Amino acid sequence: PTAALPADVGTVPCGNASLTLREASERIVCKDVTAETLYDVLHDTSYRKKWDTNMIDTFDIGRLTVNADVGYYSWRCPSPLKNRDFVTMRSWLPLGSDYMIINYSVKHPQFPPKKDYVRAVSLLTGYLIQSNGANCCTLYYLTQVDPRGSLPKWVVNKVSQFVAPKAMRKIYKACLKYPEWKRKHNPNLKPWMYPEQNTLPCISLSELTLQRADSLENIDESGLSEEKAQHSDDEEPAS
């Protein structure tokens, strides 16, 4: 089951627009899934391309330390909105039988904003995985994102009520299929667990700067109506 921890969407009214800053928090109990499997699924970019249907592209850019790297992620927004992308610094930490992953947006000189995307900002996003025994765990998700623009209220409502909870269920379903998939795809390759396997180029912290939202383009999509949107199965509310 999925449960909203205070399912908060922080908005500031602006005519018909809901503003810029979005906060969301979710929780899901994953039965028949170990905490380690869930941790692997959130890390494994190769597998993510199999289950994250909203993703356009994702790849790792480079590593900072044995438990921190920089990566790129682009996301398909509901039509007719422009798609968003992120460049984030991610760090992770095993906590006994539990795990934590956090990220926030940075600027990398070789990955500036793209012409056909709106560069969004993750102010802070975090996953906490708590083990509930040998074969069960709970995933807590918290994010504060600036999508860079004035969004229609229907978009904010849809994301908070349908998209975020469904994304959590999608992660859960992906976890159930991951062990079988991993056995056939480099089963021993887990650089997030074994740093000696990491072949990413090293990045110096001096190459990065914190991505400030006010330095990016801010677009107004508040006038776009839901009637114009093309709905996909992944955007429909769950039964």
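## Close-up views of a predicted model

**Figure 1. Asp60, Asp69 and Arg90 are linked in a network of salt bridges.** This legend, like those that follow, describes a predicted model. Within the network, Arg90 pairs with Asp60, and their closest N and O atoms are 3.9 Å apart. Arg90 belongs to strand β7 and Asp60 to strand β5 (residues 55-65), so the salt bridge ties together parts that are 30 residues apart in sequence. Are these two partners buried or partly exposed? Arg90 counts as buried because its relative accessibility is 15%, while Asp60, at 29%, counts as partly exposed.

**Figure 2. Here we look at two salt bridges with buried partners.** Side chains of opposite charge can pair when their charged atoms come close. One such pair is Asp52 and Arg48, whose side chains meet with an N to O distance of 2.9 Å. Both Asp52 and Arg48 are buried. In the other pair, Arg148 forms a salt bridge with Asp146, and the closest N and O atoms are 3.0 Å apart. Arg148 and Asp146 are both buried as well. How many salt bridges are there in the count? The count comes to eight.

**Figure 3. The largest pocket has a volume of about 380 Å³.** Its lining draws on α2 (45-51), β7 and α3 (153-183), the elements that give two or more residues to it. Which residues of the lining lie nearest the centre of the largest pocket? Out of 19 lining residues, they are Thr45, Asp60, Leu189, Pro191 and Trp192. Asp60 may look familiar from the first view, where it forms a salt bridge with Arg90.

**Figure 4. Leu93, Leu95 and Met100 make a nonpolar patch on the surface.** The patch covers about 230 Å². Leu93 is found in strand β7, which spans residues 84-95. With a relative accessibility of 39%, Leu93 counts as partly exposed. Strand β7 also holds Arg90, the partner of Asp60 in the salt bridge of the first view. For the wider setting, the accessible surface of the protein comes to about 12300 Å², and carbon and sulfur atoms account for 53% of that area.

**Figure 5. Helix α1 (residues 35-43) is mostly covered.** Eight of the nine residues in this helix are buried. Among them are Ala35, Leu38, Val41 and Leu42, along with Thr37, Tyr39, Asp40 and His43. Across the protein, buried residues make up 45% of the 239 residues.

**Figure 6. Asp32 and Asn186 each have a positive phi, although Asp32 is not a glycine and neither is Asn186.** Most residues other than glycine have a negative phi, and most peptide bonds are trans. The phi of Asp32 is about 65°, and that of Asn186 is about 50°. Where do these residues sit? Asp32 lies in the loop between β4 (22-31) and α1, whereas Asn186 is in the loop between α3 and β13 (209-210). Asp32 is exposed, with a relative accessible area of 56%. Asn186 is exposed too, its relative accessible area being 53%.

**Figure 7. A step back shows three helices and 14 strands in the protein.** Among contacts between residues at least 6 apart in sequence, 67% join residues at least 24 apart.

Key
Residues are numbered from 1 along each chain as its sequence is written. This is a predicted model: local features need pLDDT of at least 70, side-chain atom pairs count only at pLDDT 80 or more; totals for chains, interfaces and linings use all residues. Side-chain values use heavy atoms; hydrogens and water are left out. Buried means under 20% relative accessible area, exposed over 50%, partly exposed in between (1.4 Å probe, protein chains only). Helices (H or I, at least four residues) and strands (E, at least two) are DSSP runs, numbered from the N terminus. Patches are made of residues with over 30% relative accessible area and no salt bridge: like charges are joined within 9 Å, nonpolar side chains (Val, Leu, Ile, Met, Phe, Trp, Tyr) within 5 Å. Accessible areas come from the Shrake-Rupley method with a 1.4 Å probe; for residues, only the protein chains shown count as cover. A salt bridge is a side-chain nitrogen of Lys or Arg within 4 Å of a carboxyl oxygen of Asp or Glu. Contact means heavy atoms within 4.5 Å. On a 1 Å grid over the protein atoms alone, a cavity is a set of points where a 1.4 Å probe fits but cannot get out, and a pocket is an open set with protein on both sides within 12 Å along at least five of seven lines; lining residues have an atom within 4 Å of a point. Grid points are joined across faces, edges and corners, and a volume is the space filled by probe spheres set on the points.
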